[in-house]
Amino acid sequence: MPAYELIIPPELDGSTIRRAATGVLGLSSRQFKRCKFQGEMRLDGVLVHADARLHTGQRLWLYAPERDVPQPEASEIPLNVYYEDEHLLIVDKPAPLPSASSQRQTGATLENVVYAHLGCPEGFVYRPVNRLDKGTSGLMVVAKEAHAQYLLQQLLHTDQFQRTYLAVAEGTLPCIEGCIDLPIAKEDAASIRRVVHPAGKEARTLYRVEQTSNNRSLIRLKLDTGRTHQIRVHLSASGCPICGDFLYGTELDALPGRFALHSTAIHLWHPIRKCWLDYESPLPDPLAALLEADHSAIPL
């Protein structure tokens with residue numbers, strides 16, 4: 001159950017609890033309403049109403065109960081944890097494991113795995129900050145509380161939350177490095193496919209070709225925008241579909257249920273601890289093996 005504390009600084013003297021909660025602690029309006037109507041608000045340990053005024057040096061304590069949600073099934077799949085504290089996890093998701101459960105996805109998911117890792121806590125709410133497709137492996141951030149999730153999501157697609165991907169793609173791009181700047185739209189209402197379309201949303205992917213081998217390329221990529229399937233669509237539109245991508249390229253027997261895309265690095269500013277987190281996950285062996293058939297390969 002998330003609780004939030006703040007020692008009132010001089011600049012908040014005479015202010016409202018709402019200003020401190022949403023302006024300094026970073027609570028969303030929804031979280032503040034849960035504190036107000038379902039939780040507790042205390043100043044120096046004394047229960048107060050939301051209209052109470054703050055004074056320098058007081059200790060503000062807010063409590064917001066979690067939403068009442070169904071609990072997932074625990075999974076025995078081991079969780080590869082790169083970082084963990086009371087606020088968040090950085091984990092290495094295997095493929096083809098879905099990121100979250102849904103009505104269509106009832107088998108094992110990362111949600112089930114995280115639930116088991118945390119000891120199946122009562123009132124568990126799964127809070128992924130970024131998500132990966134089922135067929136993509138690599139680093140993901142999962143918040144443990146609503147407050148941390150809210151703060152982390154504000155950092156997405158900024159310099160304070162940078163994600164780097166590695167892809168093994170068919171063919172070679174015309175330049176060693178550059179930016180693929182092509183708008184992306186949904187193919188149609190009934191499809192999950194995305195397409196490059198002039199009426200789509202702007203989408204930019206930065207890339208650098210790190211190696212070519214076996215008529216394939218190892219490409220390092222960063223997202224400047226965050227569209228659904230962005231890397232997959234951009235590489236396919238550029239003539240280099242990701243190996244094994246059954247939706248935008250050709251499925252490979254060597255990669256059952258997945259394709260050759262891996263979230264390899266995260267550079268993250270921890271918004272609560274106020275420190276940088278940097279972690280890197282190596283390219284999985286099955287993806288690296290796609291480049292090994294041609295022993296004359298020359299790194300670029």
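How many bridges join strand E15 to strand E16, and do the two run parallel or antiparallel? Strand E15, covering residues 261-270, and strand E16, covering residues 275-280, are joined by 6 bridges and run antiparallel. One pairing to look for here involves two tryptophans: Trp269 has Trp276 in E16 as its bridge partner. Between the strands of this hairpin sit 4 residues, and Lys274 takes a positive phi near 60 degrees.

Keep in mind that this is a predicted model. Confidence is reported as a mean pLDDT of 89 for the chain, with 94% of the residues at 70 or above. The stretch to watch is residues 295-300, where pLDDT stays under 50. For that stretch, the model has 12 contacts beyond four places in sequence.

Now step back to the whole chain. There are 17 strands in it, along with 6 helices. Measure along the principal axes and the C-alpha atoms fill a box of roughly 70 × 40 × 40 Å. Of the 300 residues, 46% are buried. As for how the sequence comes together, take the contacts between residues at least 6 apart: 66% of them join residues at least 24 apart.

Last, the surface and the charges. About 15000 Å² of the chain is exposed, and carbon and sulfur atoms supply 49% of that area. On the charge side, you'll find 35 negative side chains and 31 positive ones, and the centres of these two sets lie 7 Å apart.

Technical notes. Residues are numbered from 1 along each chain as its sequence is written. This is a predicted model: local features need pLDDT of at least 70, side-chain atom pairs count only at pLDDT 80 or more; totals for chains, interfaces and linings use all residues. Side-chain values use heavy atoms; hydrogens and water are left out. pLDDT is the predictor's confidence in each residue, from 0 to 100. Contact means heavy atoms within 4.5 Å. Two strands pair if DSSP finds at least two bridges between them. Buried means under 20% relative accessible area, exposed over 50%, partly exposed in between (1.4 Å probe, protein chains only). Accessible areas come from the Shrake-Rupley method with a 1.4 Å probe; for residues, only the protein chains shown count as cover. Lys and Arg count as positive and Asp and Glu as negative; His and the chain ends are not counted. The place of a charge is taken as NZ of Lys, CZ of Arg, CG of Asp or CD of Glu.
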